[in-house]
Amino acid sequence: MNVTNADIAAIFEEIADILAIENANPYRVRAYRNAARVVRAFGGDIATLLESGRELPKLPGIGQDLAAKIREIAATGTCALRQRLRRQVPPALVELLDVTGLGPKRVRLLYHDLGVETPEQLLQAAGEGRVRRLHGFGVKTEARLLQALTSRIAGEHRVPLAEAALQAESLVAHLRDCPGVSEVDVAGSFRRMRDTVGDLDFVVAARRAAPVMQHFLAYDRIGEVISSGPTRASMVLQSGLQVDLRVIRRASYGAALVYFTGSKAHTIAIRKLAREHGLKINEYGVFRGERRIAGDTEASVYAALDLPWIAPELREDRGELEAAAEGRLPHLVERDDLRGDLHAHTRASDGLATLEEMAAAARADGLEYLAITEHSPSLTVAHGLDGKRLLRHIDKIDRLNARLKGITLLKGVEVDILRDGSLDLPDDVLARLDLVAGAIHSHFDLPRADQTRRLLRAMEHRYFSILAHPTGRLLGQRQPYDIDIDAVIDGVRRRGCFLELNAQSQRLDLVDTYCRQAARQGILISIDTDAHSPADFGNLRFGVGQARRGWLEKKDVLNSRTLGQLRKLLHRCHRHAAGSA
Ligand code: DGT
Ligand code: CA
Ligand code: CA
């Protein structure tokens, strides 16, 4: 048996899901979710380690009971608790959790009050208007569920970018191993850094296609081959993600990359432009009559249309062709422009590592500063810190800073924005911090006017610095809460505070279009990991991808500033409120 860390983590997630549906103690649910995260973040392959007769190392939050379960799963591929839980609820109930907008609480209500067990039954109940009558649902929720279910049943299943990246990279490595292959790229929405991808589109350059096809079809994680021809193939990986492959001659590689990177809207627009130039463009090149005039590189394709190369993240037909023609393409922010990260947790709240470990990991990833922003007391399931604990924590940060080299820790907090827009910690505590990130973690269902007022009121607080994960969406799990985004962005501008682009793979919040809207108004955006473990700093690149889709330049990004500049900006943000109060 070949049990991966991801398999073990998935079983813990399933246990947590079922326990949550059964309304188990939230701490118990949290313990299994935590275990899933720890296992996923673990550096080595746990099953291999145990098989070789070694001991499971001490892992944060993993006591004897969980450790025993890890051993049981590594050896058998499952565990008794999971088998028992599976007998307690209808199997499709867990599937319902995958429907966007449904959490355990809602699944439980649907099951108990309406007898709904499957997505199909839910579709029927929603279609008949029975869902809106349940406590906490309403007409709008019902309509959203209907939409999510319809696209789901139509087979539209999208995978978060970070999850797709793991699978893409492994297949890229496999294809590069094939003799005769000179180029491998993942095109499509993946290359455009969309937050989710429908499938992966591989483009490979090779002189002969046959050996590449053979090599591709020998990949060991194939679930099912859908189709295969001399230069193209499609398959579904064991994970369920579809992969399309196209093999192309080196001379056409740039044209193929443009074509398969899309977006469809962008490539339709450049084909139209080509016609206006008396040219024809397809995946093999740019042609004047029968003669090919460009196509070996992407730059040559755009140059044939008198355009500079356009970054994939911009290729959505949102004005990039006009900007390119007028020489005003943005100089998009890059990962290396980031000097720090302003949102991270440690074991003091719900993180997995110590202050020292997080600092070392951030430094290893090239960061010069890292804000430690634990949760505040009302978030009990995340072990939020009350004022007294937070003050002790920041003293600890001060002492650590005195001996840290190469990185500075900033003292922050991720303070809960309460239902009425007040902050979950007293002023005299907030005054001691370098920055205050405010976020919503409860009451997601307030009416738009109330939710908007709640955010505006929170940011009026004199110590408020950054609005963290501003819309609260969780990909595949939770819709953004209902707010007047124009009013919120305008509020941030007037208040002189900052917006976060949270780089967690399920969040990527603020999304691209709102980033662009905010930056146009001169608002600085902080691209943060919200790291809970050392490996999470790797997510910065996905945050940067979303920022680039939002046309952000280095100058638009708060954490591209030096520590000195940042401190001034944060300080000005306080004074601003004091002045306007
Ligand atoms: P996805 O997979 O839903 O996340 O989105 P994409 O953009 O990766 O779309 P996909 O996989 O259907 O196609 C990959 C690229 O191939 C797409 O971005 C542009 C190109 N493409 C596919 N079908 C067409 C088409 O019918 N017309 C044009 N112009 N381009 C196409
Ligand atoms: Ca695709
Ligand atoms: Ca495709």
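## The five-stranded sheet

In this predicted model, five strands form an open sheet in the order β2-β4-β7-β6-β5, and their pairing is mixed. At its edges are β2 (181-186) and β5 (222-228), each of which pairs on one side only. On average, neighbouring strands of the sheet are turned by 20 degrees against each other, with direction ignored. As a general reminder, strands of a sheet pair through backbone hydrogen bonds, either parallel or antiparallel.

If you would like one pairing to look at in detail, try β2 with β4. Strand β4 covers residues 199-206 and runs antiparallel to β2, with five bridges joining the two. Within this pair, Val 186 stands opposite Phe 202 of β4.

## Helices on the sheet

Two helices are worth following here. Helix α10, residues 161-176, lies across β2, β4, β6 (232-237) and β7 (242-248). Its direction is at about 20 degrees to that of β4. Helix α13, residues 253-261, also packs on the sheet, where it touches β2, β4 and β7. The direction of α13 makes about 175 degrees with that of β4.

## A pair of calcium ions

Now to the metals. The calcium ion (ligand 2) and the calcium ion (ligand 3) are 3.8 Å apart, and Asp 199 bridges them. Strand β4, with residues 199-206, is a handy place to start looking.

Around the calcium ion (ligand 2), the coordinating atoms are Asp 199 (O), Asp 199 (OD) and Asp 201 (OD), at 2.1 to 2.9 Å. Asp 199 therefore contributes both a backbone O and a side-chain OD to this ion. The six donor atoms around the calcium ion (ligand 2) subtend angles of 68 to 163 degrees, so the arrangement is irregular. For reference, six octahedral donors would ideally give angles of 90 or 180 degrees.

The calcium ion (ligand 3) has as protein donors two Asp 199 (OD) atoms, Asp 201 (OD) and Asp 244 (OD), lying 2.2 to 2.9 Å from the ion. Along the chain, the donors of the calcium ion (ligand 3) follow the spacing D-x1-D-x42-D.

How accessible are Asp 199 and Asp 201? Asp 199 has 18% relative accessibility and so counts as buried. Asp 201 has a relative accessible area of 16%, and is therefore buried too.

## Domains

The domain assignment splits the protein into domain 1 (5-153), domain 2 (157-248), domain 3 (261-329) and domain 4 (335-580). Between the C-alpha centres of domain 1 and domain 3 there is a distance of 46 Å.

## Two residues to inspect

Asn 5 sits in helix α1, which spans residues 5-21. With a relative accessibility of 9%, Asn 5 counts as buried. Leaving out residues up to four places away in sequence, Asn 5 touches Val 39, Phe 42, Gly 44, Asp 45 and Ile 46.

Val 429 belongs to helix α19, residues 427-430. Its relative accessible area is 4%, so Val 429 is buried. Not counting residues up to four places away in sequence, the contacts of Val 429 are Gly 387, Leu 390 and Leu 391. How far is Val 429 from Ala 125, in sequence and in space? The two are 304 residues apart in sequence and 49 Å apart in space, C-alpha to C-alpha.

Methods
Residues are numbered from 1 along each chain as its sequence is written. Chains are lettered from A and ligands numbered from 1 in the order in which they are written. This is a predicted model: local features need pLDDT of at least 70, side-chain atom pairs count only at pLDDT 80 or more; totals for chains, interfaces and linings use all residues. Side-chain values use heavy atoms; hydrogens and water are left out. Donors are N, O and S atoms within 2.8 Å of the metal (3.2 Å for Na, K and Ca); water is not among the atoms, so sites may look incomplete. Four donors count as tetrahedral if all angles lie between 85 and 135 degrees; four count as square planar and six as octahedral if opposite donors are over 155 degrees apart and all others between 65 and 115; anything else is irregular. Buried means under 20% relative accessible area, exposed over 50%, partly exposed in between (1.4 Å probe, protein chains only). Two strands pair if DSSP finds at least two bridges between them. Helices (H or I, at least four residues) and strands (E, at least two) are DSSP runs, numbered from the N terminus. Axes are lines fitted to C-alpha atoms, for helices over the stretch in contact, and angles run from 0 to 180 degrees between N-to-C directions. Contact means heavy atoms within 4.5 Å. Domain bounds come from an automatic or database domain assignment.
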